[in-house]
Amino acid sequence: MALAWMPPEKWDALIRGEDCPMCVELASGEQVNQFGYTIAQLEMSVLRLSVNQFSPGYCVLICKQHVPEPYHLSPADRNRFFEDMMRAANALEQVYHPAKMNFQILGNALPHLHCHITPRYYGDPAPGMPLNLAEYDKRLSPDVYQKQVVAIRAELG
Ligand SMILES: [Zn+2]
């Protein structure tokens, strides 16, 4: 990934939610795309299993509302978003039994509120640090993704 900010007009438009790829993705309702597989529609978010499964169970939780920051949500909606995060992570723990769960709300490439939920495993290549999944990529076969989607969905209850 090139280390350069996009043109300021484009960044400002994304902040406002104009031509936001995550808004487009949510509006499309498609279950599978180049980024991942939709697991479930939660209260305030959509839970998606990422195509990159270097860290098994790696998901992205996308807020249904376009806001750049979690504190831009109303107090009730930010609570719902956080509850979705907890529900998703708990389901991932039941399915994958990781050593630790990581939550990253960054949005530096795309300022639409989303949380990277990354189960971490003992012995992975970033002890004591965040795991930079841009450096590692592991793809599965379509049927394996679908099996994982079904397993996580079952634990969401
Ligand atoms: Zn958006």
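Biologist: Which residue in E5 does Lys100 stand opposite?

Modeller: Lys100 stands opposite Arg120 in E5. Keep in mind that this is a predicted model.

Biologist: Happy to. What makes E4 and E5 a pair?

Modeller: Two strands pair once DSSP finds at least two bridges between them. E4 and E5 have 5 bridges, in the antiparallel sense, so they satisfy that criterion.

Biologist: What is the order of the strands in the sheet?

Modeller: The order is E1-E2-E3-E5-E4, with antiparallel pairing, in an open sheet of 5 strands. Strand E1 (36-41) and strand E4 (100-104) are called edge strands because each pairs on one side only. On average, neighbouring strands are turned by 25° against each other, ignoring direction.

Biologist: Lovely. Which strands does helix H3 lie across?

Modeller: Helix H3 (residues 75-96) lies across strand E2 (45-50), strand E3 (59-63), E4 and E5. The angle between H3 and E5 is about 25°. H4 also packs on the sheet, where it touches E1 and E2. The direction of H4 makes about 20° with that of E1.

Biologist: And how do these elements follow one another along the sequence?

Modeller: The pattern reads α-α-β-β-β-α-β-β-α, which comes to 4 helices and 5 strands.

Biologist: Why is the protein called as compact as a globular protein of its length?

Modeller: For 157 residues the globule rule gives 15 Å, and the radius of gyration is 16 Å; the two are close, so the description holds. As for extent, the C-alpha atoms fill a box of roughly 40 × 35 × 30 Å along the principal axes.

Biologist: How many of the residues count as buried?

Modeller: Of the 157 residues, 24% do. Turning to contacts between residues at least 6 apart in sequence, 58% join residues at least 24 apart.

Biologist: Let us pick one residue, then. Where is Lys138, and why is Lys138 called exposed?

Modeller: Lys138 sits in the loop between strand E5 (114-120) and helix H4 (142-156). A residue is exposed if 12 or fewer other C-beta atoms lie within 10 Å of its own. Lys138 has 12 such atoms, so Lys138 counts as exposed.

Biologist: Which residues does Lys138 touch, leaving out those up to four places away in sequence?

Modeller: Those are Asn52, Gln53 and Phe54.

Biologist: And what separates the C-alpha atoms of Lys138 and Leu113?

Modeller: A distance of 25 Å, for two residues that are 25 residues apart along the chain.

Terms used. Residues numbered from 1 in each chain as written. Predicted model: local features only at pLDDT ≥ 70, side-chain atom pairs only at ≥ 80, totals over all residues. Helix = DSSP H or I, 4+ residues; strand = E, 2+ residues; numbered from the N terminus. Rg over C-alpha atoms; globule rule 2.2 N^0.38 Å. Buried ≥ 20, exposed ≤ 12 C-beta atoms within 10 Å, placed from the backbone. Contact = placed C-beta atoms within 7 Å. Axes fitted to C-alpha atoms, helices over the stretch in contact; angles between N-to-C directions.
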